[in-house]
Amino acid sequence: MQLPALTSVTVEVLVDNFYDVFETSRPGLVERVAPGRLPKPLVAAHGLAYWITLTSNGQVTRLVMDTANSPLPFFNNLEALSHAPAEADALVVSHGHPDHYGGLIEFLGRRTTPLPIYLHEDSFFPKLLITPRGRIGPWALKREELEKLGAVLQVNRGPALVLDQALLTGTIEASTPYETPLPGAKRVVAGQEEHDPFTDEQALVMNVAGRGLVVVAGCSHPGVVNMIRYAQKLTGIEKLAALIGGFHLTAGGPELIRQTIQGLTALNPELIVAGHCTGFKALSQLALAFPDSFMVSCVGTRVIVGQ
Ligand SMILES: [Fe+2]
Ligand SMILES: [Fe+2]
């Protein structure tokens with residue numbers, strides 16, 4: 001699939017699990033906010049939301065990817081970072097877990113114009129989790145509720161372009177033997193609970209001229225290495241300028257962390273910015289394995305690839 005070469009991509013972390021004012025910047029590539037200069041304080045929460053700005057031949061496109069776990073951190077940080085719902089050209093939902101669409105209904109409610117929303121058809125199945133602390137859920141995104149509030153749904157299964165500028169991978173094709181879906185994750189299909197194969201989770205992929213791919217992942221339930229490899233296969237571009245997202249590794253145990261680090265090493269990303277569901281053990285091992293390219297994703301972090 002031909003993916004247009006963009007001039008630049010900026011991924012700004014609106015909501016993530018972390019906020020550490022001592023995390024360093026990397027001038028021209030990763031910038032952290034100076035908290036005292038913001039109109040209000042940022043908050044961290046178990047959820048994910050990004051504000052993504054694409055530039056191409058002087059044209060600017062603004063995308064929101066995910067809307068955190070609730071309106072509270074999402075709108076607080078949106079305002080703190082001086083963004084407004086009306087400025088978004090489209091919104092992407094990475095997968096059907098509520099820590100990624102918690103602010104969506106209110107986001108639509110605060111707009112006065114229709115908004116294209118890109119998501120996988122299988123994101124609409126009710127989802128639940130069986131955890132060591134018990135059953136959680138089910139939760140469900142409701143198609144009619146979104147449409148009533150002005151969503152123009154762009155539903156896909158396979159690869160699809162977002163506003164002709166970025167690629168949504170569609171269902172991820174597995175290519176590693178070690179990345180297997182979360183055992184306690186369930187979905188409800190035709191009234192029956194079943195193991196969730198995470199066919200709904202997709203990566204957002206951009207191509208920056210002269211730099212390569214920027215891959216943004218929500219929870220990486222299908223496996224972060226699978227997601228990158230599939231993005232490379234779809235685009236025919238090998239070079240990986242930046243990988244940003246939650247990698248969901250710690251629950252899989254030490255062997256999954258070890259093998260994933262091996263898989264990422266082979267893919268040679270210029271920059272890895274991990275947060276959200278990656279887990280502390282995995283984050284600490286990624287930091288040791290990639291001393292020059294790894295950075296923790298904190299609220300307010302901006303990754304800038306291109307000019
Ligand atoms: Fe998830
Ligand atoms: Fe998540």
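The following paragraphs lead through the predicted model from its overall form to selected strands and one helix.

In this predicted model, local features require pLDDT of at least 70 and side-chain atom pairs count only at pLDDT 80 or more, whereas totals for chains, interfaces and linings use all residues. Residues are numbered from 1 along each chain as its sequence is written, and chains are lettered from A and ligands numbered from 1 in the order in which they are written.

The protein chain contains six helices and 20 strands, taken as DSSP runs (H or I, at least four residues, for helices; E, at least two, for strands) and numbered from the N terminus. Its radius of gyration of 18 Å agrees with the value near 19 Å for a compact globule of 307 residues; the radius is taken over C-alpha atoms, and the globule rule is 2.2 Å times the number of residues to the power 0.38. The C-alpha trace spans about 50 × 50 × 40 Å along its principal axes. Of the 307 residues, 47% are buried, that is, have 20 or more other C-beta atoms within 10 Å of their own C-beta, while exposed residues have 12 or fewer and partly exposed ones lie in between, with C-beta atoms placed from the backbone.

Strands β4 (residues 49-56) and β5 (residues 59-65) pair antiparallel over seven bridges; pairing requires at least two DSSP bridges. Thr 55 has Val 60 in β5 as its bridge partner. The two strands form a hairpin with two residues between them, and Asn 57 in the turn has a positive phi of about 45°. On to β6 (residues 90-92), β5 runs parallel with three bridges, and Met 65 stands opposite Val 92. Together with helix α1 (residues 71-80), β5 and β6 make a right-handed β-α-β unit: with the strands pointing away from the viewer, the path from the first strand over the helix to the second runs clockwise.

A separate description concerns an open, antiparallel sheet of four strands in the order β9-β8-β13-β14. Because β9 (134-139) and β14 (192-195) each have a single partner strand, one side of each is left without a neighbour in the sheet. Four bridges join β13 (residues 185-189) to β14, with Val 188 partnered by Glu 193.

In helix α6 (residues 280-289), Ala 282, Leu 283 and Leu 286 are buried. They cover an arc of only 100° around the axis, measured by the directions from the helix axis to the C-beta atoms, so they lie on the same side of α6. The face turned away from this buried side carries the exposed residues Phe 280 and Leu 288.
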